[in-house]
Amino acid sequence: MQRKWWKESVVYQVYPRSFKDSNGDGIGDIKGITSKIDYLKELGIDVIWLSPVYKSPNDDNGYDISDYQAIMDEFGTMEDLEELLDELHKRGMKLMMDLVVNHSSDEHNWFVESKKSKDNPYRDYYIWKPGENGQEPNNWTSFFGGSAWQYDETTDEYFLHLFSKKQPDLNWENPKLRKEIYDMMTWWLEKGIDGFRMDVINLISKADGLPSAPGGKRYDWGGEFFMNGPRVHEYLQEMNREVLSKYDMITVGECPGASTDDAIKYANNEDTELNMIFTFEHMDIDSGPGGKWDLKPWKLKDLKEVMTKWQKDLEGKGWNSLYLNNHDQPRMVSRFGNDEEYHDQSAKMLATFLHMMQGTPYIYQGEELGMTNVRFDSVEEYNDIEIKNMYREKVIEGKEDHQKVMEAIYEKGRDNARTPVQWDDSENAGFTSGKPWLNVNPNYKVINAKNALENKDSIFYYYQKLIQLRKEYDIIVYGTYDLIMEDDDKIYAYTRTLGEEKLLVICNFSSETADFVLPEHINYQSANLLISNYEQNSEDISLIALKPYESRVYLLK
Ligand code: ISL
Ligand code: CA
């Protein structure tokens, strides 16, 4: 058992645009966050992961950065950020910044220079290629649809952008670019920040020659040529030597398409790269072969398989991050629980399910209130570039059925996570006194922080208790995981083991009652209930009739 503070911590993700507006312009800002630190302290949070607040033209809401060492005007000033950092540190909390260095904005000075001529000193900061027979250099599609290449007249070449065309990919092959990034990271760490969440960090190394994707489509998925590419570990080890190893900090890499074997390299125990990564495998269980918009009902069996694989494969070799939603994903209670009849019960069950696993838990803003997905009537009400591009491609250009595509947006659209945080039942949910940049979810009258803080049975206080338990019991952080009742299609149950002790975690994932049967191999003298989302009577744990979405955690000795 290798103790680390970042294993014992709970992280809370703030998406600043939607968190809290302090000046009535309808856009969340840094002062808004600072005004809510005590709320987060009360919840028990140790670390805040702050989605990008850097200068940006906001083509992708801050994930397109035009100056890594300046703050976006709408969010405030560098002084505001320093104040936030101070106020967090005063309360023993930490700040993890988002680091977006697979790409920059096309308005970053590096790119402005790079575009000018083939011999500009910044040319090789980006990935430029001549066309092939009047077409793009290869057939890769971007994450946001269409080609991953954009033609630029000035030099008659194309540049690579795996995301929007305003997010050109940086060329990590260039040692000068790498050094600039390390210096920038050091500058932030010297300012006193406590870590980095690294955006799509496993995409930074592209395969030699940038070969076309094998699929037959005009623009096709070329992931195998840029996910976990040939030099990615070399770069991260260099970054670790040059920067990360010099600080006591927390790092998590966002890694779509990483296997558990990849994860063991990125998040190895020797700390030569990162502390942990975000996997996407459990986020893919409700997608068909057509990708995220190809809706498919998820199965508990698949969730068990994926989670158990990550728990077991990383055991003793790496470290997991634990999350069920973030700013790119639907709300967990709508996706994996029941956001109507069993709203509170299922939100608490899912929290139990996740927080009792081995890894560092991440809470996405509003999750602690049970915030849900949203259904806007028209596509104009949405803001997200991914939604807008997809709608244009499928409905306007592709003539697909409007209603069918809207359903996909309701299930999977990123704006589900980005509606403003619901603070109270006043107009605009207390998020802003102006007009919010994205409409609030109409259910704010019921689901809001004010109500939660006034009700001792709220989801908020349930999270608070889960977090307290983590501080109290080493087994919650360090115990090894084992799945039980593997074939049950309603109950997800598992144990954690540390020395002589066991934790028994029982979760009913269905809106029906379900019988939990204790496996014979589990022996114990005493069973002590640590937390549950229903009132409990003392009961024999060998057979439990679970209520809908019921969850219980026992400490067995
Ligand atoms: O959101 C996704 C699926 O809807 C992912 O494909 C997502 O685009 C991918 O995981 C990368 O996400 C990160 O980088 C993007 C940014 O748009 C996301 O918000 C960010 O989390 C580009 O910087
Ligand atoms: Ca504001």
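## Surroundings of ligand 1

In this predicted model, ligand 1 is surrounded by 14 residues. The closest of them are Asp60, Tyr63, Phe163, Pro256 and Asp328. By class, the shell around ligand 1 holds seven charged residues, six nonpolar residues and one polar residue.

## Strand β15 and its parallel partners

Strand β15 covers residues 360-364 and is mostly covered, with five of its five residues buried. Thr360, Tyr362 and Tyr364 point one way from the strand, while Pro361 and Ile363 point the other way.

Two strands are described here as partners of β15. Strand β1, residues 11-14, runs parallel to β15 and is joined to it by three bridges; within this pairing, Val11 has Tyr362 as its bridge partner. Strand β14, residues 321-322, also runs parallel to β15, with two bridges between them. Here Ser321 is matched with Thr360 as its bridge partner.

## The nonpolar cores

The largest nonpolar core contains 140 residues. Those that touch the most other members are Ile48, Met96, Ile277, Leu350, Val505, Ile506 and Cys507. Helix α15, residues 459-472, gives the most to this core, contributing seven residues. A second core, separate from the largest, has five residues, including Tyr382, Ile387, Met390 and Ile409. In soluble globular proteins, nonpolar side chains tend to be buried together.

Ile277 illustrates the contacts of one core member. Leaving aside neighbours within four places in sequence, Ile277 is in contact with Val252, Gly253, Cys255, Ala258, Ala263, Tyr266, Ala267 and Ser321. Ser321 is also the residue whose bridge partner in β15 is Thr360.

## The five-stranded sheet

An open sheet is formed by five strands in the order β16-β17-β18-β22-β20, with antiparallel pairing. Strands β16 and β20 (527-532) stand at the edges with a single partner strand each, so one side of each has no neighbour in the sheet. From one strand to the next, the twist averages 20°.

At one edge, β16 (residues 480-484) and β17 (residues 491-498) run antiparallel and are joined by five bridges. Ile484 stands opposite Ala493 in β17. The hairpin of these two strands has six residues between them, and Met485 takes a positive phi near 50° there. Further along the order, β18 (residues 501-508) pairs with β22 (residues 551-556) in the antiparallel sense over six bridges, and Lys502 stands opposite Leu556 in β22.

## Asn533 in a loop

Asn533 lies in the loop between β20 and β21 (543-546). Is this residue buried or exposed? Asn533 counts as buried because it has 25 C-beta neighbours inside 10 Å, where 20 or more are required.

Not counting residues up to four places away in sequence, Asn533 touches Gln345, Lys348, Met349, Thr352, Tyr462, Glu550 and Ser551. Asn533 and Arg552 are 19 residues apart along the chain, and their C-alpha atoms are separated by 7.1 Å.

## The three-stranded sheet

Another open sheet has three strands in the order β6-β8-β7, again with antiparallel pairing. Strands β6 (128-129) and β7 (149-152) stand at the edges, each with a single partner strand, so one side of each is left without a neighbour in the sheet. Strand β7 pairs with β8 (residues 157-160) in the antiparallel sense over four bridges. In this pairing, the bridge partner of Trp149 is Leu160 in β8.

Technical notes
Residues are numbered from 1 along each chain as its sequence is written. Chains are lettered from A and ligands numbered from 1 in the order in which they are written. This is a predicted model: local features need pLDDT of at least 70, side-chain atom pairs count only at pLDDT 80 or more; totals for chains, interfaces and linings use all residues. Two strands pair if DSSP finds at least two bridges between them. Axes are lines fitted to C-alpha atoms, for helices over the stretch in contact, and angles run from 0 to 180 degrees between N-to-C directions. A nonpolar core is a set of buried Ala, Val, Leu, Ile, Met, Phe, Trp, Tyr and Cys residues joined through C-beta atoms within 7 Å. A residue is buried if 20 or more other C-beta atoms lie within 10 Å of its own, exposed if 12 or fewer, and partly exposed in between; C-beta atoms are placed from the backbone. Two residues are in contact if their C-beta atoms, placed from the backbone, lie within 7 Å. A residue is near a molecule or strand if its C-beta atom, placed from the backbone, lies within 6 Å of it. Ala, Val, Leu, Ile, Met, Phe, Trp, Tyr, Cys and Pro count as nonpolar, Asp, Glu, Lys and Arg as charged, and the others, Gly among them, as polar.
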